[in-house]
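Trainee: I've got two chains on my screen and I'd like to reason through how they fit together. Can we take it step by step?

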Number of protein chains: 2
Amino acid sequence: MNPRRQFLKLTGSVFTSSLMASASFHSLASMSDESTQSLQTDVNEKSVSADKTYQIVALVFDDYETLDLHGPIEMLGHMKNVDIKLIANTQICKSYQGPRVVADLLTSNIHPCDLLIIPGGIGTRSLVANNTMTHWLTKQISASKKVFSICTGSALLAKTVSLNHHKATTNKMAYQWVTSLNHQVDWQPSARWVDDRKFLTSSGVSAGTDAALFWVSKLKGISEAQRIARLAEYTWNHDPKNDPFAVSS
Amino acid sequence: MNPRRQFLKLTGSVFTSSLMASASFHSLASMSDESTQSLQTDVNEKSVSADKTYQIVALVFDDYETLDLHGPIEMLGHMKNVDIKLIANTQICKSYQGPRVVADLLTSNIHPCDLLIIPGGIGTRSLVANNTMTHWLTKQISASKKVFSICTGSALLAKTVSLNHHKATTNKMAYQWVTSLNHQVDWQPSARWVDDRKFLTSSGVSAGTDAALFWVSKLKGISEAQRIARLAEYTWNHDPKNDPFAVSS
């Protein structure tokens, strides 16, 4: 078994023990300190033992949009030596479409990583008013080398000051709402994705899959992005200026 | 809260109780009869109380391919009055890319449904040799009005006799392996997807997203499929004969 697989199995096992030890399955608030500590220890061991692994942390929350999250995970997850963890403020999150995912990490802590993924979805409509989330996200952005939002995930970024004075884009059907949240951001009404310094922001839902392949090409070269697209039998829209869903500004 | 949302929250709550009551978190075999019964009762109540809901059941297993599952769920999940449940032989399954999902149902029983989804992935390489899975799947196919496989999910179908004498397709990079499993199937080397009576089979990974939109168009009309594609800012390949990854037979 390769180290990545072995780690995933180990993480699953430790996390499961934490869940079973917990008085309440759903709420971090009611987890015992011991079980939270167990989870943290496991994550720290991973960071030390495989420091060349590309560490991806993806935020999830109730009513996240399925493809916002899983399209990028599909593509990024085919790079070699990558580790993808989900982070949330509860241990199980339900997508807008119904199926549920398990968080590997909790937002009670900051988790330094190479890439922070922020999906969108209906759930962002309430999360933008959650000051605890905005406070955590501001700190988590500082601890992340790169930040990648999909769709209305950019609404959560817009609520921090971190995105100010950057070019960025978002879902084009929710364009008025997202852009109204922060006028200090240089919003782009026509772009499949925008890469500006620390922030990679994509347009709605499936645009995240194209932007993820762009990020693979930046990290590993165009041939690696093409290999992964072919493996997924995916016709990659590799031109960020080709936005079939652009709006007028 | 709309009925679908309310049901999902209820299901989550009852399922969580089942998990916590269970002696072992991971294994169905070691679940108490009481907790399994609790899960079943909840599902049956749903069937009775909302019989016009379009019921989708999607199989998951360790090392399933992320987009095989979540691409179709994204598109099908935007239809009105639809309910999507995951089914597995363990309560948590880990995708090939790492993140984990929670099963709503277990393969200890057969669950009649309108649409059964079978994703592919590396996990199918061992599952094809699992006679218990093949036996369950044969019965589950009989209890499903329509069966939709993505990528190497068709390998699992091929191990049953149900797919015999149907036209079908599969992942084109794994074409030799899948087609070698059953010579009674009329395999199509060039097709984005194939719809033949009970079975809708798609080509690799992202082809499932296109085939799902095709199925939306069959159920609800082309304008509904176009509405959902637009919502997801997705450029739908709506022609099953347009297969950029076709192989020679």
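Trainee: Which residue of chain B comes closest to the rotation axis?

Mentor: Keep in mind that this is a predicted model. In it, B:Val101 comes closest of the residues of chain B, with its C-alpha 2.1 Å from the axis.

Trainee: And what makes that axis a two-fold?

Mentor: Look at the operation: chain B lands on chain A after a rotation of 180° with 0.0 Å of shift along the axis, at an RMSD of 0.0 Å. That is the two-fold relation, so the name fits. The two copies also use the same surface, as 100% of the contact residues of chain B recur in chain A.

Trainee: How many residues are in contact, and what makes a pair count?

Mentor: The C-beta atoms, placed from the backbone, have to lie within 7 Å. By that test, 39 residues of chain B are in contact with 39 residues of chain A. On the chain B side, α1 (3–21), α3 (66–76), β2 (82–88), β3 (92–94) and β4 (100–102) each supply at least two residues. The largest share, 6 residues, comes from α3(B). By class, that side has 20 nonpolar, 13 polar and 6 charged residues.

Trainee: Why do β4 of chain A and β4(B) count as paired strands?

Mentor: Pairing needs at least two bridges. Here 3 bridges join β4 (residues 100–102) of chain A to β4(B), so they qualify, and the strands run antiparallel.

Trainee: Which residue is the bridge partner of A:Val101 in β4(B)?

Mentor: A:Val101 has B:Val101 as its bridge partner, and B:Val101 is the residue of chain B that comes closest to the axis.

Methods
Residues are numbered from 1 along each chain as its sequence is written. Chains are lettered from A and ligands numbered from 1 in the order in which they are written. This is a predicted model: local features need pLDDT of at least 70, side-chain atom pairs count only at pLDDT 80 or more; totals for chains, interfaces and linings use all residues. Copies are superposed by least squares on the C-alpha atoms of residues with pLDDT of at least 70 in both. Helices (H or I, at least four residues) and strands (E, at least two) are DSSP runs, numbered from the N terminus. Ala, Val, Leu, Ile, Met, Phe, Trp, Tyr, Cys and Pro count as nonpolar, Asp, Glu, Lys and Arg as charged, and the others, Gly among them, as polar.
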